[in-house]
Amino acid sequence: MIVGIGIDLVESGRFLDWSAFKKQRIFTKKELEYADADNANAEKHLANFWAAREACLKALGTGFGDDIAFSDISVVHDDNGHPEIMIAGGARNALKELAGMTAAVHLSISDQDNFSVAMVVIEKQ
């Protein structure tokens, strides 16, 4: 049963002027390494990761704050390059409350020109 759906659209240009310090506060080391490996499209990758975080929060029905840190939600890629959401800390607690211990979290990311979009579906199993 689907218990949460979230979608987010973001313009990649907003990440052009972010300092390294700000990026390190928001994104994980793996996300920054992934983005930096494709320097010509680094901002697009960061926008994808940001959209995925926001979509996940919307699917959880919450936002960043005292209970959920930026680092609680991140994007990793499997061996085939498929993006997956990693959920830890306060976000993991919110997920358990919403869908229990066996929740499935599905992520889809796309980008076109200067825009990135992500959709997250949370499924209670």
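In what order do the elements of the protein chain run from the N terminus on?

**Figure 1. Overall fold of the protein chain in the predicted model.** From the N terminus on, the order is β-α-α-α-β-β-α-β-β. That makes four helices and five strands. The radius of gyration is 14 Å, close to the 14 Å that the globule rule gives for 125 residues, so the chain is as compact as a globular protein of that length. Along the principal axes, the C-alpha trace spans about 40 × 30 × 25 Å. Of the 125 residues, 41% count as buried. Take the contacts with a separation of 6 or more: residues 24 or more positions apart account for 55% of them.

**Figure 2. Surface and charge of the protein chain.** The chain exposes about 7100 Å². Carbon and sulfur atoms supply 49% of that area. Side chains with a positive charge number 12, and those with a negative charge number 19. How far apart do the centres of the two sets lie? The separation is 4 Å.

**Figure 3. Helix α2, residues 29-37.** Three residues of this helix are shown as its buried set: E31, L32 and A35. Seen down the axis of α2, the buried residues fall within an arc of 95°, so they line one face of the helix. An α-helix has 3.6 residues a turn, so residues three or four places apart point the same way. Which exposed residues does the face turned away from the buried side carry? They are K29, K30 and A37. The cover over the buried residues of α2 includes two helices, α1 (20-26) and α3 (42-60). Strand β2 (73-77) is also part of that cover.

**Figure 4. N41, in the loop between α2 and α3.** Relative accessible area is 34% for N41, so the residue counts as partly exposed. Its partner in this view is S12, 29 residues away along the chain. The C-alpha atoms of N41 and S12 are separated by 9.4 Å.

**Figure 5. Helix α4, residues 89-99, and its packing.** The buried residues here are G90, A91, A94, L95 and A99. Seen down the axis of α4, they fall within an arc of 145°, so they line one face of the helix. What do these buried residues pack against? One helix is among the partners, α3. The strands are β1 (2-11), β2, β3 (83-87), β4 (104-112) and β5 (115-123). G100 follows α4. The phi of G100 is positive, near 85°.

**Figure 6. A94, a residue of helix α4.** A94 belongs to the buried set of α4. Leaving out residues up to four places away in sequence, A94 touches L60 and I68. N80 gives a contrasting pair: A94 and N80 are 14 residues apart along the chain. Their C-alpha atoms are separated by 29 Å.

**Figure 7. D113, in the loop between β4 and β5.** Is D113 buried or exposed? D113 counts as exposed because its relative accessibility is 56%, against a cut-off of over 50%. What is the phi of D113? The value is near 50°, positive in a residue other than glycine. Most residues other than glycine have a negative phi.

**Figure 8. S116, in strand β5.** With a relative accessible area of 0%, S116 is buried. Which residues does S116 touch, not counting residues up to four places away in sequence? The list starts in the N-terminal part of the numbering with D8, L9 and V10. K44, A47, N48 and A51 are also touched by S116. S110 and D111 complete the set. S19 offers a further reference point: S116 and S19 are 97 residues apart in sequence. In space they are 20 Å apart, C-alpha to C-alpha.

Conventions. Residues numbered from 1 in each chain as written. Predicted model: local features only at pLDDT ≥ 70, side-chain atom pairs only at ≥ 80, totals over all residues. Heavy atoms only, no water. Buried < 20%, exposed > 50% of the residue type's maximum accessible area, 1.4 Å probe, protein only. Arc of directions from axis to C-beta. Contact = heavy atoms within 4.5 Å. Rg over C-alpha atoms; globule rule 2.2 N^0.38 Å. Areas by Shrake-Rupley, 256 points an atom, 1.4 Å probe, with all protein chains shown as cover. Lys, Arg positive; Asp, Glu negative; His and termini not counted. Charge placed at Lys NZ, Arg CZ, Asp CG, Glu CD.
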